[in-house]
Every structure is written in C-alpha cells, then in structure tokens.
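Reader: Could you put the model up and talk me through the pocket and the helix packing? I'd like to start with what counts as a pocket here.

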Amino acid sequence: GEYPGNFVVNGKDGSKGVVDKFTFNYLSFFYTPFRCLSCIDLTNELADLSLGDGWRGLNRESGYGQSVVIVRNKKLAGCLNNGAENGKFHLREICTEEAIMMHSNVLDNKKIGAFVRMNILKRFGYYVPEYFLTAPVYTRKRYLFEFINLIILLIGQTRIARKLINTIPLLILKKAMNYIRGKWREKTKKKFIT
C-alpha cells in the first residue's frame, strides 16, 4: 500500500488482514527469534550496501516511501549514482545525524540494550555470542528496564500471550504501541549523536 505501507495477510478464504507498519513493528516482538535478542547489528554493518526504512523527513503526501541506503563500497556508490543519473530512482544525500535520528530507538535497542540483555542471559546460564567489543556503560535503571523487557519479550513469545494479544482490539494496540514508540524515540534521540 501507500507509504508507510502495511503488513497484509490474505486468507485462503478470501479474507484480508491488514496491520499498519508502525503497529506491526512492535507486534513483531511477539515473534522475534530468541537469537535476535542478543544481536547488535542494526544496519548489516559488514555489508557493502544496506537498505532500510526512512522514517523522518519524508514526503508522505506522494504516497511513496523512501529508503535509507548506506553504501560502503565505491563501485556500488558509482552504480547507484549512475542509476539516479539515468532516472531509475532519485537519490538525496542525508547526513549521518539525520539517519541516526530516524532510528534512535532501534539503535538504542541494538547498541546498548542487546549488551544488557546478553549480560542478563549469561547470568541465567544462556549461551550468548561473543562480539569482542567493550560493552557500553549502563545504569542499574537500564539493567532493570532490560530485565523487565526481556521477561515481557519471552512471555510474549508463548502461545498464551499470542492468543491474548489477538483478543485486544487493533485500535487499542496501535495507540499503545505508538505511544510507547514515541516515548522511546524521545528518550533516545540524542544518545547516538556525537
């Protein structure tokens, strides 16, 4: 669909279920693979090219979405520029700060939250990956937040929780998820700008 797009499920019986993108982003935590809880890579940092949603400063009236493209290879940068010059697509350069501001909450989740969750999981005997990086400094308050968040995520992945979430009207879920997302983004938006 039009920007920002939707998650659509077409049933065999012809029915159609639609969840808007922003609500789906948070409902997806009910289906997040366990290993993703300890992943620190948001932007496929070892890839020559990364593509992702552009969440801020977009022309929403056009009905078209925009993607953020991170190019880490000069040949690919040349190919992209060539495609833009030939009218295949439009490129607009943005500064690093703008890209970070678009995704401050998910950067916080990956670059700080994942390290805290790994610390918690290790204490409970779970295997966690070794990244050979210095873990960020975090407060007891953050530890408690991630501990509670981890419990919620793990409970959310049970069949009972998934059935329960399906009983809550989508409009209420959407409002709750957008409120939480807004608060989280507000709290994290300046953390990664240095």
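Author: A pocket here is an open set of points on a 1 Å grid, with protein on both sides within 12 Å along at least five of seven lines, and its lining residues have an atom within 4 Å of a point. Please keep in mind that this is a predicted model.

Reader: Okay, so what volume does the second largest pocket have, and which residues lie nearest its centre?

Author: The volume of the second largest pocket is about 880 Å³. Its lining is made up of 30 residues, and those nearest the centre are Phe145, Asn149, Ile152, Ile180 and Trp184.

Reader: Which elements give two or more residues to that lining?

Author: Those elements are H4, H5, helix H6 (159-165) and helix H7 (170-188), and the most comes from H5, which gives ten residues.

Reader: And how does the lining split by class?

Author: The lining of the second largest pocket has 19 nonpolar residues, together with five polar and six charged ones.

Reader: Switching to packing: at what angle do H4 and H5 pack?

Author: Helix H4, residues 104-123, and helix H5, residues 140-156, pack at about 75° with their axes 9 Å apart. Angles of 65 to 115 degrees count as roughly perpendicular, and H4 and H5 are therefore roughly perpendicular to each other.

Reader: Which residues in H4 and H5 meet?

Author: On the H4 side they are Asp108, Ile112, Gly113, Val116, Arg117, Asn119, Ile120, Leu121 and Arg123, and on the H5 side Arg142, Tyr143, Glu146, Phe147, Asn149 and Leu150. The residues of this contact divide into seven nonpolar, three polar and five charged. Asn149 of H5, which meets H4, is also one of the residues nearest the centre of the second largest pocket.

Reader: What about H4 and H7, how do their axes cross?

Author: The axes of H4 and H7 cross at roughly 75° and come within 8 Å, so this pair is roughly perpendicular too. Ser104, Asn105, Asp108 and Asn109 in H4 meet Arg181, Trp184, Arg185 and Thr188 in H7, and by class that contact has one nonpolar, four polar and three charged residues.

Reader: Last topic: how many salt bridges are there?

Author: With a cut-off of 4 Å between the side-chain nitrogen and the carboxyl oxygen, the count comes to five salt bridges. One of the pairs is Glu45 with Lys111, whose side chains meet at 2.4 Å, N to O.

Reader: Where in the chain do Glu45 and Lys111 sit?

Author: Glu45 is in the loop between helix H1 (21-27) and strand E3 (49-53), while Lys111 is in helix H4, so the salt bridge links distant parts of the chain, 66 residues apart.

Definitions and conventions:
Residues are numbered from 1 along each chain as its sequence is written. This is a predicted model: local features need pLDDT of at least 70, side-chain atom pairs count only at pLDDT 80 or more; totals for chains, interfaces and linings use all residues. Side-chain values use heavy atoms; hydrogens and water are left out. Axes are lines fitted to C-alpha atoms, for helices over the stretch in contact, and angles run from 0 to 180 degrees between N-to-C directions. Helices (H or I, at least four residues) and strands (E, at least two) are DSSP runs, numbered from the N terminus. Angles under 35 degrees count as roughly parallel, over 145 as roughly antiparallel, 65 to 115 as roughly perpendicular and the rest as oblique. Contact means heavy atoms within 4.5 Å. Ala, Val, Leu, Ile, Met, Phe, Trp, Tyr, Cys and Pro count as nonpolar, Asp, Glu, Lys and Arg as charged, and the others, Gly among them, as polar. On a 1 Å grid over the protein atoms alone, a cavity is a set of points where a 1.4 Å probe fits but cannot get out, and a pocket is an open set with protein on both sides within 12 Å along at least five of seven lines; lining residues have an atom within 4 Å of a point. Grid points are joined across faces, edges and corners, and a volume is the space filled by probe spheres set on the points.
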